[in-house]
Amino acid sequence: MLNCCVMHRHTGPASGIMVWDGIGYHSRTPLVRIAGTLNSQRYISEMLEPVVLPYLQIELLPWPARSLSPIENTWSMVPQRLTQITPPAATPDQLWQHVEAAWSAVPQEHIQSLFESMPRRVAAVTSNNGCYSGY
């Protein structure tokens with residue numbers, strides 16, 4: 001699972017930053033901080049070549065619907081952890097450091113449990129005519 005998201009710190013004065021990541025059952029990629037506008041050439045040179053290609057040795061899953069995505073569920077833990085870091089980030093660089101710390105603190109076992117729950121979650125959505133079922 002590969003992901004790009006914008007991380008905002010709502011409780012502090014720092015502006016948001018854009019980060020990119022990937023997760024697998026046994027590991028995760030390092031976070032990549034994206035400065036400025038991400039175009040296709042930068043995506044290739046800054047994410048695909050240095051991060052994704054080495055990561056492809058790990059088993060990949062097809063991208064599920066957003067509501068089922070393990071990576072979306074993993075990222076939901078990061079803002080929770082950010083609220084516990086004090087003082088709040090005052091600059092984008094401080095926010096980056098806080099996001100890296102929060103990302104590293106997410107237990108790999110939590111990511112594994114999300115992967116393990118996929119068959120059950122997909123079955124629940126399938127049995128509900130493809131509708132999001134509250135997972």
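The following is a dialogue about why certain labels apply to this predicted model.

Trainee: What is the order of the elements in the protein chain?

Mentor: Starting at the N terminus, the order is β-β-β-α-α-α-α. That agrees with the count of four helices and three strands.

Trainee: What makes strand β2 largely enclosed by the rest of the structure?

Mentor: Strand β2 covers residues 17–22, and five of those six residues are buried, so the strand is largely enclosed. Over the whole protein chain of 135 residues, buried residues make up 38%.

Trainee: How do you know that β2 and β3 pair?

Mentor: Two strands pair if there are at least two bridges between them. Strand β2 and strand β3 (residues 32–34) have three bridges, in the antiparallel sense. In one of the bridges, M18 is matched with I34 of β3.

Trainee: Why are α2 and α3 called oblique?

Mentor: Helix α2 (residues 70–82) and helix α3 (residues 92–105) pack at about 125°. The perpendicular class runs from 65 to 115 degrees, and the roughly antiparallel class begins over 145. An angle of about 125° falls in neither class, so α2 and α3 are oblique. Their axes are 9 Å apart, and the crossing is right-handed.

Trainee: Which residues make the contact between α2 and α3?

Mentor: On the α2 side they are T74, W75, V78, R81 and L82, and on the α3 side H98, V99, A102, W103 and A105. Sorted by class, the contact has seven nonpolar, two polar and one charged residues.

Trainee: What makes L82 buried?

Mentor: The cut-off for buried is under 20% relative accessible area. L82 has 2%, so L82 counts as buried. L82 belongs to helix α2. Its C-alpha atom is 9.0 Å from that of L95, and the two residues are 13 apart in sequence.

Trainee: Is P92 buried, exposed or partly exposed, and why?

Mentor: Exposed requires over 50% and buried requires under 20%. The relative accessible area of P92 is 31%, so P92 is partly exposed. P92 lies in helix α3. The C-alpha atoms of P92 and G16 are 6.7 Å apart, although 76 residues separate the two along the chain.

Trainee: How are contacts in the protein chain spread over sequence separation?

Mentor: Take the contacts between residues at least 6 apart in sequence: 64% of them join residues at least 24 apart.

Trainee: Why is α2 called oblique to α4?

Mentor: Helix α2 and helix α4 (residues 108–127) cross at roughly 140°, and their axes come within 9 Å. Roughly antiparallel would need an angle over 145 degrees. At roughly 140° that limit is not passed, so α2 is oblique to α4. The crossing of α2 past α4 is right-handed.

Trainee: Which residues of α2 and α4 meet?

Mentor: P70, N73, T74 and M77 in α2 meet H110, I111, L114, F115, M118 and R121 in α4. By class that contact has six nonpolar, three polar and one charged residues.

Trainee: Where is P87, and what is the peptide bond between T86 and P87?

Mentor: P87 sits in the loop between α2 and α3. The bond joining T86 and P87 is cis, with omega about -5°. As background, most peptide bonds are trans.

How values were computed. Residues numbered from 1 in each chain as written. Predicted model: local features only at pLDDT ≥ 70, side-chain atom pairs only at ≥ 80, totals over all residues. Heavy atoms only, no water. Buried < 20%, exposed > 50% of the residue type's maximum accessible area, 1.4 Å probe, protein only. Helix = DSSP H or I, 4+ residues; strand = E, 2+ residues; numbered from the N terminus. Axes fitted to C-alpha atoms, helices over the stretch in contact; angles between N-to-C directions. Parallel < 35°, antiparallel > 145°, perpendicular 65-115°, else oblique. Left-handed = near helix turned anticlockwise from the far one by under 90°. Contact = heavy atoms within 4.5 Å. Nonpolar A, V, L, I, M, F, W, Y, C, P; charged D, E, K, R; others polar.
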